[in-house]
Each structure stands twice: as structure tokens, then as C-alpha cells.
Amino acid sequence: MTSTLISRAVPDAAGRRLTIVVGYDGSTPAFSALERGIRLATVLDTDLLLVTTWSYPQVASATGFGSWSPEEDAQNLVKAVVAKVFPAGSPPWFRTSVLEGQSASILLEQSKGAEMLIVGSRGHGGFSGLLLGSVSSACAEHADCPVLVMHGESTRPLNLAAGTHLASVPA
């Protein structure tokens, strides 16, 4: 039986650190994707980019949307999950991006040159009986990097208590 050595990621030819991109929409599979992304980023010594998208609904309203802002909702979603997984503050290798547009297109663009793209199997869209949602299907089919699609809840939740060094989080 042979063993495989996992080597630490090194910067690319331009000196940039390698990145794992995680798509996040607040769903349970997306949270599992974030947890797995954190584990992999710590083991592989890469950066992690959490991407959340937003857009105005296509249904127009005669009264407009009032004071509601989908961008603000998306930013608050990201702030809440970052506070949950990094209660003592996020590490320097972790970044977030909240962008307007279609989720699949943005994730495909953000993952160009990435080590991996991680998404949930189904987000908050309709057709809950589907095994893969439209975003995860599009990413798996069109990404330029490997794609990991997470299903359901993680069986090994992160334990990131204050003072926990993420390199010690088991993969």
C-alpha cells in the first residue's frame, strides 16, 4: 500500500497565493461547503474566498422595493456566517466578496485560476427534489478548476473556539 503526500501550496508563477473559492447563499449545503473550504484551505495553506451574489428580483413592482436592499441582505448574510465560523475574527487568508449578478456566472469567473471551487448541491432555489441545483450543475460543467459539490449538513462541524489555530482543524 502506498501513501500519498499532500504538499503545501506554493504561490503561482506571478507570486500570488493559491485560492479556494466557496459559493455561499446561507443554505445548509452552502455552509457545509464553507466548512470544507476552511478545512482544505488550512491543510493546503491556501487562501479562501467566500463569494455571495445578489440581484434584484425579476418581478417588477409598481411600488418598487421600498427600503429593502438585496445587496445589504447579502452583506449581512456574509457578516453573520463569518462571525459564526471565526468568532475571534477572520484570519488573513480568508476574504469575502459580495457581487451583483447571476450566481453561476460569478462563481465561474471568480474561480478562474483557483485551486478548487466548492458549492452546495442545492441552495435556496426551487425544485427541492433535484439532486443538483442549477448553480452547482453549471459550475461542475463549466469551471476551469476542480469543483466539489457538498450535499446536506457536514458530519464534522468546525470547532473554532477562541484561540483555536485553524491549522489544527482536522481535514
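1. The side chains of E109 and K112 form a salt bridge, with 3.2 Å from N to O, where the term stands for a side-chain nitrogen of Lys or Arg within 4 Å of a carboxyl oxygen of Asp or Glu. E109 has a relative accessibility of 47% and therefore counts as partly exposed, a class lying between buried (under 20% relative accessible area) and exposed (over 50%), as computed with a 1.4 Å probe on protein chains only. The structure holds 3 salt bridges.

2. A word on the basis of these values: this is a predicted model, in which local features need pLDDT of at least 70 and side-chain atom pairs count only at pLDDT 80 or more, while totals for chains, interfaces and linings use all residues. Residues are numbered from 1 along each chain as its sequence is written, and side-chain values use heavy atoms, with hydrogens and water left out.

3. R17 deserves a point of its own, since R17, D45 and D47 are linked in a network of salt bridges. D47 pairs with R17 at 2.7 Å between the closest N and O atoms, and this pair links distant parts of the chain, with D47 in strand 2 and R17 in the segment before strand 1, 30 residues apart. R17 and D45 also meet through their side chains, at 3.7 Å from N to O; D45 sits in the loop between helix 1 (28-44) and strand 2 (47-54), 28 residues from R17. Helices (H or I, at least four residues) and strands (E, at least two) are DSSP runs, numbered from the N terminus.

4. Is each member of this network buried or partly exposed? R17 is partly exposed, with a relative accessible area of 36%, and D45 is likewise partly exposed, at 34%, whereas D47 is buried, at 14%.

5. On confidence, the protein chain averages a pLDDT of 80, and 68% of the residues score at least 70, pLDDT being the predictor's confidence in each residue, from 0 to 100. Among the elements, strand 1 (residues 19-23) has the highest mean pLDDT, 98, and helix 4 (residues 134-142) the lowest, 91.

6. Two stretches call for separate mention. Over residues 1-7 the pLDDT is below 50, and this stretch has 3 contacts beyond near neighbours in sequence, a contact meaning heavy atoms within 4.5 Å. Residues 124-132 also stay under 50, and for them the model has 13 contacts beyond four places in sequence.
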